[in-house]
Amino acid sequence: MTLPKTMRAMVTMGHGDMDQMVFHNDWPRPDPGPGQVLVRVAACGLNNTDVNTRSGWYSKSVTDATTGSGIDDVAEEDPAWGGTPIQFPRIQGADACGEIVAVGEGVDPGRIGARIITDNWLRDPSDPLNRNKTGYFGSEMDGGFAEYTVMPSQNALSIKSDLSDAELATFSCSYSTAEGMLSRANVTDGDTVLVPGASGGVGGALVQLAKMRGARVIALASPSKHADVSALGADRVLPRAPNNLRTAVGEEQVTVVADVVGGPYWPSLIDILQRGGRYTCSGAIAGPMVDLDLRTLYLRDLTFTGSTVIDPAVMTNLIGYIEQGAIQPALAAIYPLEELHAAQTAFIAKKHTGNIVVTP
């Protein structure tokens, strides 16, 4: 196979507004190094990490909700998810689906032709369980907003599925994030899980994966999205932020809150938890600064868990769920790669249900 020397790519040049994402028709195509594979990208999903990294929202100097706009006072030392600087230019995009077209030294050539999705967590092969030695695809190395991308061979997970490329590109970030949260919270068939923001990519995945575990699910979403969220399997769907959440929930015993929203409504989410309940969090799109009454935490015997770097087994399990048809994609829209600005604008507006994907 003859591969082109250049490729089409959307390249993020620095922190700021969307004008920092610049489309190139002739960006140099990467070559796979030792232990790496070259993937022809068929589709790549959008996620909050792309937006937050580009804007610099992860910096502790930022206290406002995620808007996607450039932030003037980003601290230079901690603008990326890991609290460290990020190198530009950078091709973002974590949720790639595609085909392996070349391999580097030490990789079995038999992998060429394999259809793959990404395990986004870049681990130290000699110390894979050490969370302090992790990076993220599309952040610490170039990602999938391009025609071609390279990644460690172990991060290119072979998959056999009748789903389209765009549908497969909805899983890697949203569903692994959700499964990681539910695993940290030890969700079982004895739980009732409350999911704020249930119409988003992670929220919808939480609904499906919590139901897979046999849990009862109460979802919060805008009324216009209730039918879509119900179709994902939620047992009940309530308004996005009821004035009195306890009254809205009624006699239900909420044992787990799985949250990526945060913001001013957060105290209501904590207050709804039953004694011994668990709160698990992997996002704060409505704002990272919240009010906590410590008496609620300790007098009610609550457990709080953060969830970012997932266990390696999560993606292996997720591949199995997809291949068995146990979970379904929630594909909201497909945009051409060169229209990533419009795609990310729609993603930030949150008027969709599920995931948005670009195709190069």
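Let's begin at the second largest pocket, which holds about 150 Å³ of space. To find its centre, select Asp119, Trp121, Arg123, Gln154 and Pro312, the closest to that point among the 13 residues of the lining. Keep in mind as you look around that this is a predicted model.

Now colour the pocket lining by residue class: seven residues are nonpolar, three are polar and three are charged. Which secondary structure elements each supply at least two residues of this lining? Show strand 6 (121-122) and helix 9 (313-324), and you have them both.

**Next stop: glutamate 179**

Select helix 3, residues 172-184, and pick out glutamate 179 within it. Is this side chain's residue buried or exposed? Glutamate 179 has a relative accessible area of 3%, so it counts as buried. To see what surrounds glutamate 179, display Leu209, Arg213, Val314 and Tyr321; these are its contacts once neighbours within four places in sequence are set aside.

**On to a β-α-β unit**

Please select strand 16 (residues 331-336) and strand 17 (residues 355-359) together. The two strands pair in the parallel sense, over five bridges. For one of the pairings, zoom in on tyrosine 335, whose bridge partner in strand 17 is valine 358. Then add helix 10, residues 340-349, to the view: with strand 16 and strand 17 it makes a β-α-β unit, and the unit is right-handed.

Stay here a moment and step along to lysine 350, in the loop between helix 10 and strand 17. What is the sign of phi at lysine 350? Phi is positive there, near 60°, in a residue other than glycine. Lysine 350 has a relative accessible area of 30%, so it is partly exposed.

**Two more backbone stops**

A short reminder before moving on: most residues other than glycine have a negative phi, and most peptide bonds are trans.

Go to aspartate 301, which you will find in the loop between helix 8 (294-299) and strand 15 (303-306). Aspartate 301 is another non-glycine residue with a positive phi, in this case near 55°. How accessible is aspartate 301? Its relative accessibility is 47%, so aspartate 301 counts as partly exposed.

For the last selection, take phenylalanine 88 and proline 89 and look at the peptide bond that runs from one to the other. That bond is cis, with omega near 0°. Zoom out a little to place proline 89: it sits in the loop between helix 1 (48-55) and strand 4 (95-103).

Technical notes
Residues are numbered from 1 along each chain as its sequence is written. This is a predicted model: local features need pLDDT of at least 70, side-chain atom pairs count only at pLDDT 80 or more; totals for chains, interfaces and linings use all residues. Side-chain values use heavy atoms; hydrogens and water are left out. On a 1 Å grid over the protein atoms alone, a cavity is a set of points where a 1.4 Å probe fits but cannot get out, and a pocket is an open set with protein on both sides within 12 Å along at least five of seven lines; lining residues have an atom within 4 Å of a point. Grid points are joined across faces, edges and corners, and a volume is the space filled by probe spheres set on the points. Helices (H or I, at least four residues) and strands (E, at least two) are DSSP runs, numbered from the N terminus. Ala, Val, Leu, Ile, Met, Phe, Trp, Tyr, Cys and Pro count as nonpolar, Asp, Glu, Lys and Arg as charged, and the others, Gly among them, as polar. Buried means under 20% relative accessible area, exposed over 50%, partly exposed in between (1.4 Å probe, protein chains only). Contact means heavy atoms within 4.5 Å. Two strands pair if DSSP finds at least two bridges between them. A crossover is right-handed if, with the strands pointing away from the viewer, the path from the first strand over the helix to the second runs clockwise.
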